[in-house]
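Take a look at the aromatic rings in this protein. Which of them pair up, and what lies over their faces?

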Amino acid sequence: MQLLPTGRQVFENIRKEKLLYVDKTAFIYNLITQGKTQYFLSRPRRFGKTLLCYTLCALFEGKKELFKGLAISKSKWKWEKHPVIRFDMSAGAYSEGLSGCKSAINEQLKYNAEKLSVKLSGKSLVDKFKNLIIDSAKKHGKPAVVVIDEYDNPLLSVIDNKKAFEKVRIFLRDFYKIVKANEQYLRFTFITGITKFSQVSVFSALNNLTDITLDPDYAALLGITQEELEKDFAKYIDKWAKENDGKKKYLEKLKESYNGYRFTKSLQRVYNPFCLLKHFDCGDFQKFWFETATPSYLINLLDRQKIDILNIEDFSVRTDEFKKYDSDNMGAVPVLYQSGYLTVKDYDKESDTYMLGYPNKEVESAFAGELATKYLNVPGSEKSSFAANVIRWLYAGEPEKIIAEGFIPFMASIPYSITIAKEKYFQTIFHIILNMFGFQCRSEVQIATGRIDSILETPKFVYCFEFKLDGTAAAALKQIDSKEYLTPWKGKGKILFKIGISFDHKKRRIKEWKVKR
C-alpha cells in the first residue's frame with residue numbers, strides 16, 4: 001500500500017518519497033493558464049492550502065520530474081524556471097504584535113534572497129520586498145512568482161487587541177500592495193488565508209486580485225471528492241471496511257464523519273483531507289480536525305454578537321456578506337463559514353443567498369464541546385467522564401439515567417454566575433451537551449403541528465424533549481401528545497421516548513422530570 005503523507009505538506013518531498021498524492025494539477029493548470037496572474041483563495045485550516053502553495057512553487061521552479069504521471073504532465077505547459085518568492089505566514093511570534101510580525105517577515109525576506117542568490121537591499125521591509133521582486137526577476141531573466149501562505153495569521157493572532165491589530169493591518173496593507181505595484185516583474189501571485197479581510201483594510205491596494213474562493217470551477221481544488229476517495233484510497237478502504245460492517249456501511253460512515261464541505265454554488269462536496277489521512281492511519285473515527293484547537297476569537301465573536309446557538313444551522317447569507325471582515329464589524333456567520341465550522345448546504349440563485357450549516361458530525365460535536373467549555377465552564381476531564389456515561393445510556397435506551405445520574409448532577413456543577421433564568425438557556429445546555437457527543441441533537445424543530453424543543457435519534461431510539469420553566473413535567477408531556485410531536489417518527493421501527501423536563505429558575509436546576517415510552 002502506498003504510504004500516506006499524513007502531516008506532510010511539501011510537494012517535492014511527497015513526490016520524491018512516492019507517498020500517496022491526490023492529483024489536483026488539472027485544476028492548477030486551469031488556474032495558471034487563464035490569463036489572470038494574481039489570485040486569492042480562502043479555505044479552512046487543514047484543507048491543503050500549504051501543499052497547494054508548495055505545488056505551485058515546484059511548478060514555477062520548472063521541476064518537471066516531480067509531476068511525472070500527473071495531469072499537468074500531459075498538458076501543453078512550458079516548464080520554464082522562474083524565481084519563486086514564498087512566504088509562510090503561519091510561522092512567527094505574531095502574538096507580540098507589530099514587532100513580532102516584522103521580525104518574522106524580515107527572516108523570510110532574508111531566506112528568499114539567499115535562496116535566489118540576490119542581495120537584499122532597502123531600508124524598510126516594504127522596500128526590501130519590492131527590491132527582492134525586481135532584482136530576482138532581473139538576475140534570473142524571468143518574471144518572479146510570489147506565493148503567500150496564511151496571509152492573515154499575523155492579524156488573527158492579535159484580533160482581540162485592537163491597537164495591535166490596527167498597527168499590523170496598516171503594515172501588511174503596505175507590504176502586500178507591493179505585489180500590485182510591481183506587476184510588470186511578476187509572472188504569477190497566489191495568496192491564501194482562512195478569512196478575507198474587506199477591501200477597506202488589508203486588500204484596499206490589491207483590488208486586482210481574482211478571488212476564487214466562491215468560484216465553482218475551483219470547488220474541488222482543495223479537499224477530496226467522493227470519486228478521488230474511492231479511487232486513490234481504494235486499498236485503505238478495503239483494509240478498514242472489514243472492521244466496519246462492510247464497504248457500503250464504511251463509506252457511509254466516512255461520508256457522515258468527514259464529508260459535507262461545500263464552498264461554492266456548485267453541488268460539489270469534499271472531504272477534509274487532514275481527517276481522512278489521520279483516519280486511514282489508524283482506522284478510528286475521531287475528531288481529528290479539532291486536534292489543532294478552535295481559535296478563541298471565533299468563540300468570543302459568537303459571544304459578542306449573541307448568536308443563537310440553537311439555530312446556528314439555519315443561517316442564510318448573501319454573497320456580499322462574505323466580504324465583511326473588518327475587525328470592528330466582523331460578521332460571526334461568514335467567519336464561521338470561512339473557518340470551516342459552517343459550510344454551504346444550499347444556494348438560492350434568485351436572492352443570491354447561501355444557506356449554511358454544519359458540514360458533518362465531527363465538526364458539530366467538537367464545536368459543541370468548545371461551546372460547553374466557554375458557556376458552561378466545564379473542564380475537559382469532566383466532559384469526558386460525563387460523555388462516556390450519557391452515550392452508554394442513550395444507546396441502551398435509559399433516559400431516566402440520563403436525567404437522574406447525568407444531567408441533574410452535571411447542571412448542579414455549572415457556576416451560579418453564568419446561569420440565566422430563561423427556558424432557552426436550559427434548552428441550550430441540553431443542545432450543546434448532546435451535540436458534544438456527536439448525536440446531532442436538533443432543537444426548535446418545526447413540524448406541521450408545532451415546534452419541538454429538542455429531538456435526538458440513535459440507531460434504535462428517538463428521544464423527544466419538551467422543556468418548561470417553572471411549569472410541570474406533566475404539562476410538558478401533555479404538549480408532546482397534544483401536538484403529536486413524534487408522529488413523523490412513528491412506524492420506522494424505533495422505540496420512541498417522550499421526556500418532559502421542568503426547570504426551577506430560582507434554584508437553577510432541574511425541578512422534576514417524567515419519561516413516557
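This report covers ring pairs, a ring cluster and charges over rings.

## About the model

This is a predicted model, where local features need pLDDT of at least 70, side-chain atom pairs count only at pLDDT 80 or more, and totals for chains, interfaces and linings use all residues. Residues are numbered from 1 along each chain as its sequence is written, and side-chain values use heavy atoms, with hydrogens and water left out.

## Ring pairs

The whole structure holds 28 aromatic pairs. Rings of Phe, Tyr and Trp (its six-membered ring) pair if their centres lie within 6.5 Å; planes under 30 degrees apart count as stacked, over 60 as edge-to-face and the rest as tilted.

One pair is Tyr258 with Phe288. Their centres are 6.2 Å apart, the planes meet at 40 degrees, and the pair is tilted. Tyr258 sits in helix 11 (residues 247-258). Phe288 sits in the loop between helix 12 (273-282) and helix 13 (296-304). The two are 30 residues apart, so this pair links distant parts of the chain. Helices (H or I, at least four residues) and strands (E, at least two) are DSSP runs, numbered from the N terminus. Tyr258 and Phe288 are both buried (under 20% relative accessible area, with exposed over 50% and partly exposed in between; 1.4 Å probe, protein chains only).

Phe461 and Phe497 are also a pair. Their centres lie 5.9 Å apart with planes at 45 degrees, so the pair is tilted. Phe461 is in strand 13 (residues 461-469) and Phe497 in strand 14 (residues 495-504), so the pair ties together parts 36 residues apart in sequence. Both rings belong to buried residues.

## A cluster and two charges

Phe40, Phe87, Phe129, Tyr151, Phe171, Phe175 and Tyr176 form one aromatic cluster.

Arg46 lies over the face of Phe274, 4.2 Å from the ring centre. Arg86 lies over the face of Tyr54, at 3.9 Å. A charge sits over a ring if NZ of Lys or CZ of Arg is within 6 Å of the ring centre and within 35 degrees of the ring normal.
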